[in-house]
Amino acid sequence: MLMKEVKFTRLALYDLVWSESMVSISKKYSISVEGLRKKCRSLSIPFPNAGYWMKLKYGKNEISRIPLGHYDGDPLVTLALRAESVKTDQSKQEKKVREIKKIEIFQQPVPVKLLNPDNLIISAKSDLSNQNPWREGGIIRNSKGILSIEVSPKNLQRALILMDILIKSIRYRGHEIRVGNSKTVLIFFGEEIQIRCREKFSKKTVKDSYGFSTEKFANGLLSLKTDISYPPKEWTDGKKKIEEQLPDIIAYLETKAREKQDDRIALQRQREMEKEEQRKEKEIQDRKEQELEKFQQILILAKRRHNAVKIREYADQMEDNAIKKHVLTEELKSEIEWIRKKADWYDPFLECYDELLSGIDRDELKLKKKDFHLLRW
């Protein structure tokens, strides 16, 4: 079922395809990526290739748009919005949350101490227990190669329990967790999501030797922060403790990771389509180049043949004129014969051998001169 239609001016559609990927646009409107590309071509609207979005993602802001050129046709285009699927998505999300809540670890109260902790938790506890609190905020931070945890010492036990439950539940769901030099990464369906556990800050005004200043302090509220979206998504203690929100968090991450996977696959398909288009365009261009090169060669040979004929005609006219005037001397006969031989050397149908012109390109008619530097000594 389709919702209302949206009319775009040519300029508005141009702005849209340079602001969002075609994969993203096709999810909002009832049009495929290829259909949108064809629509843009029919309106002479340039659009970015798949590599544009990757470069943009990594901060290469110097990439500029291809300017919108002139177009004489109808500047309006209509796209139909896709049917709303919010209720369907919500029901799927709720079903996923119910599945996650059935995991044994969520069937019992949150433990007050670590029970058979994961190896990553054991390493994190050992590392963080030996850290000194930072002056700013009074928190302790993980070392490289340790789970990303930034909390006050009094909240360390709770943060470790929270991360232990998270790790065990996502592994139960068939996902992975990897700890690098400075990142903690959850891997859902092959998609990487960075995550960190941290304690929120509050500010207070304190009196000092200069008057008053603002200081940060850890306020006891734990949060989980990910890079799954922009701006980054963060869950914090509220009416429900962060531990109680874990089923919803995992369900959300699974959903977003699946969307990210779908986008990546669609983007890859778009790249492959663009690559195939370029291959076809290059093939046509190569054929055109070969065709033009062949024609140019024919043109050169035709000009040579034409000029060779003209040279012979010139020799014949020299001879006829000399005979009429009774001045056809042996010297002139020799010159006329020389001209005819040069025509035979130049004619592409004959290309007779000429000792003095040997090695000279008949098309360019240029002598490559050597530098006889020894003769200057």
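In this predicted model, Leu246 makes contact (heavy atoms within 4.5 Å) with Phe106, Leu162, Ile165, Leu166 and Leu224, leaving aside residues up to four places away in sequence. Leu246 is also among the residues with the most contacts inside the largest nonpolar core, which has 41 residues; the others named with it are Leu147, Ile149, Met163, Leu166, Leu224 and Leu253. A nonpolar core is a set of buried Ala, Val, Leu, Ile, Met, Phe, Trp, Tyr and Cys residues joined through side-chain atoms within 4.5 Å. Elements giving two or more residues to this core include helix 5 (86-101), strand 4 (149-151), helix 7 (156-172) and helix 8 (246-324), where helices (H or I, at least four residues) and strands (E, at least two) are DSSP runs numbered from the N terminus. Helix 7 gives the most, with ten residues. Apart from this core lies another, of 22 residues, among them Tyr14, Ile45, Phe47 and Val77.

Two loop residues come next. Ser148, in the loop between strand 3 (140-141) and strand 4, is buried, with a relative accessible area of 10%; buried means under 20%, exposed over 50% and partly exposed in between (1.4 Å probe, protein chains only). Among the residues that Ser148 touches are Asn142, Ser182, Thr184 and Cys197. His326, in the loop between helix 8 and helix 9 (330-346), counts as exposed because its relative accessibility is 72%. The C-alpha atoms of His326 and Leu114 are separated by 125 Å, with their positions 212 residues apart along the chain.

Residues are numbered from 1 along each chain as its sequence is written, and side-chain values use heavy atoms, without hydrogens and water. Local features need pLDDT of at least 70, side-chain atom pairs count only at pLDDT 80 or more, and totals for chains, interfaces and linings use all residues.
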